[in-house]
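Open the model in your viewer and show it as a cartoon, with side chains hidden until each stop calls for them. The tour goes from one selection to the next and says what is found at each.

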Amino acid sequence: EASPDDGDGDAYAFAFNVTRAGTYDLMVGAPNADGSVNGSVQVQGSPSSVVVRPGALSGPASKVFGPNCPDGEGENMWCEGAGRPVRLWIEARDAFGNPHEVALSPVPFSISVAKKGSPGRVIASVSAASKGGSGAYTADFLLSDTGDYLVTVTGVAPPGSSGTSGELDGSPYLLTIVPGSTSVYHSTAEGPGISEAQVGRLMWVALTARDMYGNARSSGGDRFALTLDGPNGTKLTASSIVDYGNGTYNATYLATVAGNYSLYVQRADTTGVFWDIRGSPFPVAVSTGPTNPFVSRLVGRHEVVAGEEAAFTLMTRDEFGNAPAGGEVSKFAVEAVHAKKGVAQAMAKLLDAGRGNYTVLHQFTDGGEYVLRAAMVGLGGGAMPDFPLKVLPGPLSPPHCELLWPCYAPECKESDRHRPVD
């Protein structure tokens, strides 16, 4: 737009408004019918070069770029691994989006980081720095805990300038911190296979792959191994290890020998070498199973003397032959059955001898052939194998001896034959 200069009628002043910074050619001359400059009739010095610089800082028009998410989520959503530097690139721009070419002093941006769900609780304030004195700035910070964060970036116009302060368009930005690479020394194991192991039961151990900050991994693919070293050279390996694809794994094993074990949980590195995870090897006490009457039995001498206290041992075992701890006296009943008379009599005493063994004490008075029968009563009970026993006569006792007289007379009675010996 041209207007006469107030000082001289032959002079004109031109006003124009450019919103895009850059270098322009300014042409001044006679107008064409359409209002454009006639290139053949230009004033002296036309065209001239005009450089348009960016305007004052505008916080809302400035731009920030963060780490992209692998699945291509929105531009205002960023992703980074735990413990890895989060780098932000910030472009200072004017109200028309023109990037500044020269850095402002002081740095015109403030950055704060808060956990999503607690926006008022700032956990980090980050400083930006100019890249080589240009209008581009970078800011770096670390977050070791996984989760979603809100990153607020605000542009601050220098005092006295015509710029505009305010949050950048799209602020606050969503930043998701995902777990880092698996760290064998921070991965963990837990479960009844460590704390409550028992023979005869399929025990499981839950494995969790973690990064170096202890964050649980969210993807699978790690190679784990589980082995056990037990009593008398017993060695076990996991019957299966299931990868759930979310950073958790389930390992199972079956033990049949009770005792103290060392349970090793290891992860393979990229070269195939296995290393112990945190806490490995774990001490594991594998307990015995329920007492099985069909595996338990009575042991002892098969001949005893009448009048003497006889001792037998009731050896209780689980289905794999392991000796329980004991303390189950009330669960067992032992009786002696005379082979001829068929009369059963309960044994006198049943004492806990420890480690699943019980001492059976009884004094027999009648000689002959017997069968000792032991049984476990109640739920899961049953009879044990019969134990044959012969009770021999005791030492000669004259007071108990009898003299038998012959009885020939028709009127003689059987009782007449028994006469005491003086």
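Nonpolar patches here are made of residues with over 30% relative accessible area and no salt bridge, with nonpolar side chains joined within 5 Å. Keep in mind throughout that this is a predicted model.

**Stop 1: a surface patch.** Select Y185, V273 and W275 and show their side chains. Together these residues make a nonpolar surface patch of about 320 Å². Now look at W275 alone, which is part of strand β24 (residues 274-276). Is W275 buried, partly exposed or exposed? Its relative accessibility is 40%, so W275 counts as partly exposed, the class that lies between under 20% for buried and over 50% for exposed.

**Stop 2: a loop residue.** Select M212, in the loop that joins β18 (202-208) to β19 (224-229). M212 has a relative accessible area of 54% and is therefore exposed. Add H186 to the selection. The two C-alpha atoms of M212 and H186 are 6.0 Å apart, although 26 residues separate the pair in sequence.

**Stop 3: the sheet that includes β18.** Select strands β17, β18, β22 and β21, which form an open sheet in the order β17-β18-β22-β21 with antiparallel pairing. Which strands are at the edges? They are β17 (188-190) and β21 (240-243), and each of them pairs on one side only. On average, neighbouring strands of this sheet are turned by 20° against each other, direction ignored. Zoom in on β21 and strand β22 (residues 248-254): their antiparallel pairing runs over 4 bridges. One pair to pick out is V242 with N250, its bridge partner in β22.

**Stop 4: another open sheet.** Move to β7, β9, β13 and β12. These 4 strands are arranged in the order β7-β9-β13-β12, and the pairing is antiparallel. The edge strands here are β7 (63-65) and β12 (129-130), each pairing on one side only. Between β7 and strand β9 (residues 86-91) there are 3 bridges, in the antiparallel sense. To see one of the partnerships, show V64 and its bridge partner in β9, I90.

If you turn on backbone atoms at this stop, one general point helps. Strands of a sheet pair through backbone hydrogen bonds, either parallel or antiparallel.

**Stop 5: a covered serine.** Select S296, in the loop between β25 (282-286) and β26 (297-299). S296 counts as buried because its relative accessibility is 1%, and the cut-off for buried is under 20%. What lies 2.9 Å from a polar atom of the S296 side chain? It is the backbone nitrogen of R317.

**Stop 6: strand β29 and its partners.** Select strand β29 (residues 332-338), which is mostly covered, with 5 of its 7 residues buried. Add strand β33 (residues 368-376), which pairs with β29 in the antiparallel sense over 7 bridges. Within this pairing, E335 has R373 as its bridge partner in β33. Then add strand β30 (residues 344-346), antiparallel to β29 and paired with it over 3 bridges. Here A336 stands opposite Q345 of β30. Finish on the hairpin of β29 and β30, where 5 residues lie between the strands and G342 takes a positive phi near 70°.

Technical notes
Residues are numbered from 1 along each chain as its sequence is written. This is a predicted model: local features need pLDDT of at least 70, side-chain atom pairs count only at pLDDT 80 or more; totals for chains, interfaces and linings use all residues. Side-chain values use heavy atoms; hydrogens and water are left out. Two strands pair if DSSP finds at least two bridges between them. Helices (H or I, at least four residues) and strands (E, at least two) are DSSP runs, numbered from the N terminus. Patches are made of residues with over 30% relative accessible area and no salt bridge: like charges are joined within 9 Å, nonpolar side chains (Val, Leu, Ile, Met, Phe, Trp, Tyr) within 5 Å. Accessible areas come from the Shrake-Rupley method with a 1.4 Å probe; for residues, only the protein chains shown count as cover. A salt bridge is a side-chain nitrogen of Lys or Arg within 4 Å of a carboxyl oxygen of Asp or Glu. Buried means under 20% relative accessible area, exposed over 50%, partly exposed in between (1.4 Å probe, protein chains only). Axes are lines fitted to C-alpha atoms, for helices over the stretch in contact, and angles run from 0 to 180 degrees between N-to-C directions. A polar contact is a pair of N or O atoms within 3.5 Å; within protein, one must be able to donate a hydrogen and the other to accept it, and residues adjacent in sequence count only if both atoms are side-chain atoms.
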